[in-house]
Amino acid sequence: MSQIKVNNPATGELIEEVKVNTTAEVELAIENASTAFDSWKKVNAHERARLLKKWYELIQLNKEEIAKIMTLENGKPLKESLGEVNYATDYIEWYAEEAKRIYGRTIPAHQDGKRIVVTKQPIGVVAAITPWNFPAAMMTRKAAPALAAGCTFIVKPAEETPLTMIRLVELAHEAGIPEHVVQVVNGPGKEIGEVFTSSKDVRKITFTGSTPVGKLLIKNSADTVKSVTMELGGHAPVIVAKDADVDFAVTQTIASKFRNAGQTCVCANRVIVHESIVDEFSEKLAQEVKKLKVGNGLEEGTDIGPIINKGGYEKIVNQLEDAVEKGADVLTGNEYEANYDKDCYFVQPTVIKNANLDMTIMHEETFGPIAPVISFKEIEEAVKIANDTPFGLAAYFFTEDYQTGIQLYEQLDYGIVSWNDGAPSAAHVPFGGMKESGLGREGGTEGIEPYLETKYLSIGNVE
Ligand code: SIN
C-alpha cells in the first residue's frame, strides 16, 4: 500500500489520498527529530510558550475549516468537531503556560560543604500514535506538553483520520515551530509502531488506543527502556443511586454515552441503576434518546454520526444481538444499517433494560451508541459490578447524598471519577486510567511530567 484512501464514513466518498511513509522515511523523521532536539531543548521556555500560543491562535483562526475536515474523515457531527477543536487548543494554551513553570528545587544537604540541586530536562524525541475518535485533541494533549517541555515530536495518526493531523502540523510550522520539531508520518500502525519502538533515539512512546495494541507497544519499548504513556480502553460504569436527581442523571448519562456516537474511551458503557428508580430512569432515558438524530455529521441537526468502520459496527451489532438473546428488553433503537459496498455503517442510539452480567456488553467496551441498564439493590453491589472489569478509566455516579458520594468516590477503582457530571474531560485535569486502561496521565500539571527527566546535582567541597 503506497497511499491511504481517506473516506467519508457517512457517505463512503473518497476525500483524499495520503502518501504512506516508507520505513526509511520514518527513520529519517526520527533522525531529523533527534538533530532538532539539540537546538529545540535550548530554546528558552518563554519562547517555546510564545510559539505554542501562536499555534493555538492559528488553529482557532482556522477552526471552522479544521472542524469540517474532522467531520468529513471521522463522521462526528460538526458541532462536536468544533467542540473538539476548542478542546484540542485548550491543551496547547494550557501547556504554553506550563512551559514557564517547569521548576526544579534545592534540597537541604546532609553535610557541610554540600549543595543539592534538582532540575528537569526534556526526555528527548517523543513518538506518538493517535486514534481516529478524537483526531485533534488526542494529538495536542501529547504534542503540547512534549513541545513545552523541550522535546521534539513525531506523530502517526490513525489511518482513518490523518487529514486533521496534517493540517494541525502545517499550522504548527506556520506558527514558527521548526519543521523537524513537530512532524507527522503516515502509514500502518504496526509497521510504524515497530520503527518507533525499536529506535534508540525515540525516548518516549505515547499512545491512545486499544489495550491490546498498548500492551504490544509497552513490550516492544522494553528493549530500549523507553518511557511510555498509555491511554487505553475503558468500560465506564454509571451508577445512579436511589437519591439521584433522575432527570439530571438522564441528561448527563446521554452526554457521556452518546458523545461521538459512543465511540469515546470514557463513554458510559454500563448503566447501573437502583431498583427503586430503574423504571423511571430507563423510560426517561429512552424518551430522550429517541430524539437523537442519526445521519451525516455535516447536516444540520445531526446528533449521532456513522460508526467509523466495519469492525466497529460488527462489534456493536454482535453485543446488541447477544444482549437481546440473553433477555434484554429494547426500549428504543436496536436498528442498524450497513452499506458494505460503500463501507458506511449507522447504528440507532439504543437503550436496553434488564441487562445482566452474562451479556458481553457488560464486560467488553462497546464503542457505540448502546446504553444497557442493569439494576442493583445495595450500593455495595453497584460498586462490585462497576469494579468487576480489567479496565479503570472513567466512572460516573449520580447521588445527592454526600455520604454515598464519598463512599463511591473512594471505592471505585478508576482514574477519573465523575460525580453528578457527565463531562469530566478538560485540558487542566489529569486524564488517564488505572489497571489495563493505561499508564500515566495526560492533561493538567501531571501531563507534562512524562516528558521530563529529573536530574540531581550534588556539589561538594563548597566553601
Ligand atoms: C478518548 O476517548 O480517548 C478521549 C476522550 C476525552 O478526552 O474526553
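**Exercise 1. Which helix supplies the largest share of the lining of the largest pocket?**

Keep in mind that you're working with a predicted model.

- Start with the pocket itself: its volume comes to about 900 Å³.
- Next, go round the wall. The lining is made up of 39 residues, and those nearest the centre are W132, F207, G209, S210 and V213.
- Now sort by element. At least two lining residues each come from α7 (189-198), β8 (202-208), α8 (211-221) and α11 (310-325).
- α8 takes the prize, with six residues, the largest share of the lining.
- Finish with the chemistry: 15 of the lining residues are nonpolar, 16 polar and eight charged.

**Exercise 2. Find the cavities of 30 Å³ or more in the whole structure, and describe the largest cavity**.

- A search of the whole structure turns up one cavity of that size.
- The largest cavity holds about 70 Å³ of space.
- Its lining counts 13 residues, with F134, M138, R141, T264 and F431 nearest the centre.
- Split by class, the lining of this cavity has six nonpolar residues, four polar ones and three charged ones.

**Exercise 3. Check the span of helix α2 (residues 45-61), then work out what its buried residues pack against**.

- Count first: α2 has 17 residues, and at 1.5 Å a residue the helix should span 24 Å.
- Then compare with the model. The end C-alpha atoms of α2 sit 24 Å apart, so the span agrees with the expected one.
- Look at how the helix begins. N44 caps the N-terminal end of α2, with a side-chain oxygen 3.0 Å from the backbone nitrogen of H46.
- Pick out the buried positions on α2: R48, A49, L51, L52, W55, L58 and I59.
- Last, see who their partners are. The buried residues of α2 pack against α1 (23-40), α3 (63-74), α4 (78-98), α5 (137-149) and α6 (162-174).

**Exercise 4. Is N296 buried or exposed****, and what does its side chain reach****?**

- Place the residue: N296 is in the loop between α10 (278-290) and α11.
- Apply the cut-off. N296 has a relative accessible area of 16%, and buried means under 20%, so N296 counts as buried.
- Follow the side chain: it reaches the backbone nitrogen of L298 at 2.9 Å.
- Now go further afield. Once neighbours within four places in sequence are set aside, N296 is in contact with A10, T11 and T302.

Notes. Residues numbered from 1 in each chain as written. Predicted model: local features only at pLDDT ≥ 70, side-chain atom pairs only at ≥ 80, totals over all residues. Heavy atoms only, no water. Helix = DSSP H or I, 4+ residues; strand = E, 2+ residues; numbered from the N terminus. Expected span 1.5 Å × (residues − 1). Buried < 20%, exposed > 50% of the residue type's maximum accessible area, 1.4 Å probe, protein only. Contact = heavy atoms within 4.5 Å. Polar contact = N/O pair within 3.5 Å; in protein donor to acceptor, adjacent residues only side chain to side chain. 1 Å grid on protein atoms, 1.4 Å probe; cavity = no way out; pocket = protein on both sides within 12 Å on 5 of 7 lines; lining within 4 Å. Points joined across faces, edges and corners; volume = space filled by probe spheres on them. Nonpolar A, V, L, I, M, F, W, Y, C, P; charged D, E, K, R; others polar.
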